[in-house]
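Colleague: Could you walk me through this structure and show me how to read its features?
Modeller: Gladly; let us open it together.

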Amino acid sequence: MNRITKHPILDYQERNEVNFKFDGKKYTGFENEMVSSALFANDIKEFSIHKKGNAPQGIFCANGQCSQCTVIIDGSPLKSCITPLHEGMDIRTLKHLPELPATGQEKFDHKTETLKTDVLIIGGGPSGLTSALELAKLDFNIILVEDKDQLGGKLLLQTHKFFGSQEDSYAGMRGFEIGNLLESQIKENKNITVLYESSVVGIYKDKKAGVYKNNGKFSLIEFDGIILSAGAREKSLVFPGNDLPGVYGAGAFQTLVNRDLIKASDKVFIVGSGNVGLIGAYHALQAGIGVVGIVDILDQVSGYKVHSDKIQRMGVPVYLNTTVLAAGGKGKVEKVTVAQVDEKWNPILETAKTYKVDTLLIAAGLSPVDEFYGQAEKFGFNVIKAGDADEIAEASSAMFGGIIAGLQMAQKLGKKIKISKEYYEKSEVLRSKPGEVYPPFEVEIKEHFTPVFQCLQDIPCNPCTTVCPKNCIALDKKLGTIMDVPMYVNDDCIGCGLCVAICPGLAISLVKQVEDTYAEVMLAHEYILDFAPGDLISVTDIDGNILEKAEVLSCRFNKKYKTHLVTVKMSLENAKKAIGIRVQDESVIQPMKETFLDFLPDNGIVCRCERVAVKEIVDFIKEYRVRDVNQLKQIRVGMGACGAKTCSILMPRVFAQAGVDWKDVTPGTIRPLTVEVPMSALVDDKGEK
Amino acid sequence: MKNYDIVIIGAGSVGLPLSYYLSKKGKKVAVIEKRHSYGRGENKAAIGGIRATHSDPAKIKIGKMSIDIVKGMEKEHGIETDWITGGYLYPVYDEAKEKALKSLLATQKEFGLNIDWIEPKKIKKLVPGITEEGLRGGTYSPQDGSASPLKVAGAFYKLSVEAGTDFIFDEEVISIDTEDDLITGIKTNKEEYQANVYINAAGGNARELGELCGLDLPVYPDSHEAGITEPVKPFFKPMVVDLRSDEQSSNFYYYQNYEGQMVFCVTPEPKIIGKDCDSTSEFLPLAVRRLLAIHPRLKNIRVRKTWRGLYPMTPDGSPIVGWTDNVHNMFLAVGMCGQGFMLGPGLGKIISEMLVDGTNDYDFILKQLSLYRAFEGNELLK
């Protein structure tokens, strides 16, 4: 079974086992886990066969948004990623089109319930939750619509410690812990009604929203204001083999691995060096999954330097100026070929290398889920965007931005309140992109522990300064905000290790000289310990170069921050540079002997639902003088189950490839429903079933 | 100033085939379209039915020609249109409708329509799972069918370009100059054009275009709402038209398209007058109620998208085709009453033959669809 039974951060819980059949064979899974996860746990990763080209389809969003994971369950086509597993389910691969089951001559009652609320909040992630709490404090009634069975959004998928500040955004806590904390606050609040497993599927002109409630009932919600906090969706990438089972988003990966504790892969390759890709690598390693490498076409890492440093120390190479050429394999990903690019981003084929992997994660950036905003604005409704739906940034920024969104909505609805200027300034800082990078600090080793900071880039983060019981750590004053880098200011360090334990970047060590020749170094470690005092481990510098095999002197576990503090013995010179412990063996990252270049450059899929390749679209744009994305429906682009959510993000590039300036193109129209709703959701059954 | 033999205003369901047939006959044709591309008005909102099943000779004739043209598109030009010869089925659940439909059969047959009354047993076979309670039978015209409006529009655009038509997008006609009952030129926001004949094929904007040269065209759009589901394995072929009405709607019709998706459309009652195509919350519950009332088997299918489109209506539910008395070089092909997609191809061919070949064969159509008719009565099968 592909289950993660041991994880350094997450607890594995045994659940009720149930039996099910897949294509006639017997399997077991956990009751109420998503069918897709039960299938993955049993190493079943091919869910359907597309009618176009008989192509096998794997999971893609794991988020109920696309429908690539559709399987036939007890005769009905259902998205496996949002269908809970039950005893005795008969699950089958969906081959081409499903058959619509015959029914009796039923008669139906039709009643559409209409709920009323002051504020409708779409999305129970970090910004939606904080805005709900803020509005509830001001006595507004809130309906919060969340498509999962738990609040917290993507916070729940994050096993790493968060940046930001302890005061405003729970810095130092791990994402899922913050999510659980916020959910408990929401649950206690009487002004907030949460609709779980529900999706808003349309905003209507008559000031109502259509909601597919509890994945079973279509209802309407009347509102005075809407906060759109639906988060972001992952951008996809076009390359040959991009629709093979095994190519999917980092978000789906996090869902499988960190929510459902499924060992989704043995070895992954990651495209994109933003925080999502970097953290994806970190999550994979924690789950015991090999990470062969991260590529980015840009010439520098897009995410926080501390994240990328951390990943490289653990043994994952980050290849810059490098792109993915193709994914290959028979009916699933078996290998991926990457190559460096020239200044014009054209691949240099001579540099191509092929790696044997079973999964390729796409972390090419995020795009706001904000389509309802434009519609609501057009209809003249009170509407505010918050979190990633407003601007892609860290969750710490989303949480603080949610508070402001709540206050702004209160103002719009007539509450006479003031929003302090300081709030806007803080919000600005929290959403900042990483700033200047500084050279390494001069390190002076003393005879008692003192901190060494390998935190060399301005990012919005300061928990080390607030956690230190002796107030030894302060931020530099260059910018005068929490963007500044930390410094050791009073020589009162008692060696407690709290700064080492809380640092989200694992970028602080404590060092002390013991004799003339060696020093002790305290390092943070967020993996299952596979060593003990007396063992030799590979300790690295900030860039991941192994400094020496150092002897472990002691291991201490900080429960609050779920971080091991590992003290090692090192040479004085290396001790100054030591910051990480290698966790992944070199053998994982080696390329295959032969480079695989047998692919057609133009056959990357743009529209995944209808399997339309980039060449087909580019040719069509040229031949039919297309200047309106909606026109591509003529070749079925955007007509599929996902409602053009995935391909719409790719359109500017596709049109550019056809020689058409995006400025001259009318974007695709957003129409209801944004998620498919079965007709049965609009009827009350009566009579025979 | 640009000169043409014929300038057509509107690159939609009517303008596209019309431009093709005129260019093919050697005319120098321009199509002026205010939108970015072809078919972006009401064509894209059409659900795809093409029938000759009408109640009057003109529309039966035009419909038959449209069917032949679209059906033959792949064979003749190698362009796919997703055509299905699925027929049109009007199942009947009450005596009055049975009487009304049966009374039409004689005329329909007289004008060459392949249509007959069929018994419930046959209907149940044609549409497995259709509501049987109260089903009295219905009319069935097996040669009608459906195609993809997007693909048909694309096909005519391609053919028309190949035949030499100039398509002028992103230009809106802002004024029409007239002198002694003749148009001397038209201006768009970018350019001036002159032609011997100007054709108003402006769909939902036909009335406004007419006003620019002093014409009072009785074309008033109202909106209908449509939807589409996920695809399932094809299990029935005809377009099913439910003529029953309820408190919110009159006609309801649906079919399973080439891709396997159910496509459905509701005629709201009372009518929603005007050009507003924004979605309202009432539609989905209404459409589902109507669909499941006639076809409960569809209960488990998922609705994918809904939209609204305009029906440029005339007072009697039939189009306006022909010359005008006020401006002698303006030809009208307007007021399609939501049937532009199914009438456009036939109408384009017919008008091209009238204008270029000078045939009198279609005078009965001109007479019946004249701007100067009485606009009395109301077509049952609109």
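We will go through domains, a sheet, a helix pair and a few backbone details.

Colleague: What kind of model is this?
Modeller: This is a predicted model, so please keep that in mind as we read.

Colleague: Let us start broadly. Which domains is chain A divided into?
Modeller: Chain A has domain 1 (1-100), domain 2 (114-232 + 368-430), domain 3 (450-582) and domain 4 (603-689). Domain 2 of chain A is written as two stretches, 114-232 and 368-430.

Colleague: How far apart are the C-alpha centres of domain 2 and domain 3 of chain A?
Modeller: Those centres lie 36 Å apart. In the contact, domain 2 of chain A supplies 13 residues and domain 3 of chain A supplies 14 residues. On the side of domain 2 of chain A that touches domain 3 of chain A, there are 5 nonpolar, 6 polar and 2 charged residues.

Colleague: And how is chain B divided?
Modeller: Chain B has domain 1 (2-65 + 149-219 + 316-368) and domain 2 (85-143 + 220-312). The C-alpha centres of domain 1 of chain B and domain 2 of chain B are separated by 28 Å. Their contact takes 23 residues from domain 1 of chain B and 24 residues from domain 2 of chain B.

Colleague: Which helix gives the most to the side of domain 1 of chain B that touches domain 2 of chain B?
Modeller: That is helix 2 (residues 57-71) of chain B, with 4 residues. The whole of that side of domain 1 of chain B divides into 11 nonpolar, 8 polar and 4 charged residues.

Colleague: Now for a sheet. What should I know about side chains in a strand?
Modeller: In a regular strand, side chains alternate between the two faces of the sheet. For our case, take the open sheet of 3 strands in chain A, with the order 23-24-25 and antiparallel pairing.

Colleague: Which strands are at the edges of this sheet?
Modeller: Strand 23 and strand 25 of chain A are the edge strands, each pairing on one side only. On average, neighbouring strands of this sheet are turned by 25° against each other, direction ignored.

Colleague: How many bridges join strand 23 to strand 24 of chain A?
Modeller: There are 6 bridges between strand 23 (residues 322-328) and strand 24 of chain A. You can find A:Thr323 with its bridge partner A:Ala339 in strand 24 of chain A, and A:Gly328 opposite A:Lys335 in strand 24 of chain A. The two strands form a hairpin with 6 residues between them. In the turn, A:Gly329 has a positive phi of about 150°.

Colleague: What about the other side of strand 24?
Modeller: There, 4 bridges join strand 24 of chain A to strand 25 (residues 353-356) of chain A, again antiparallel. One place to look is A:Val338, which stands opposite A:Lys353 in strand 25 of chain A.

Colleague: Why is strand 24 of chain A described as largely enclosed?
Modeller: Because 5 of the 6 residues of strand 24 (residues 335-340) of chain A are buried, this strand is largely enclosed by the rest of the structure.

Colleague: How do I read a pair of packed helices?
Modeller: Two packed helices are described by the angle between their axes and the distance between the axes. Here, helix 2 (residues 126-137) and helix 4 (residues 175-188) of chain A pack at an angle of about 35°, with axes 10 Å apart. Their crossing is left-handed. Helix 2 of chain A makes the contact through A:Leu129, A:Ala132 and A:Leu133, and helix 4 of chain A through A:Leu182, A:Gln185 and A:Ile186. Of these contact residues, 5 are nonpolar, 1 is polar and none is charged.

Colleague: Is A:Leu506 buried or exposed?
Modeller: A:Leu506 is buried, because 27 other C-beta atoms lie within 10 Å, and the cut-off for buried is 20 or more. A:Leu506 has a positive phi of about 50° although it is not a glycine. You will find A:Leu506 in the loop between helix 12 (498-502) and strand 32 (508-513) of chain A.

Colleague: And where does A:Asn214 lie?
Modeller: A:Asn214 lies in the loop between strand 15 (208-213) and strand 16 (217-222) of chain A. A:Asn214 has a positive phi of about 50° and is not a glycine. With 13 C-beta neighbours inside 10 Å, A:Asn214 counts as partly exposed.

Key: Residues numbered from 1 in each chain as written. Chains lettered and ligands numbered in written order. Predicted model: local features only at pLDDT ≥ 70, side-chain atom pairs only at ≥ 80, totals over all residues. Axes fitted to C-alpha atoms, helices over the stretch in contact; angles between N-to-C directions. Left-handed = near helix turned anticlockwise from the far one by under 90°. Contact = placed C-beta atoms within 7 Å. Nonpolar A, V, L, I, M, F, W, Y, C, P; charged D, E, K, R; others polar. Buried ≥ 20, exposed ≤ 12 C-beta atoms within 10 Å, placed from the backbone. Pairing = 2+ DSSP bridges. Domains from an automatic or database assignment.
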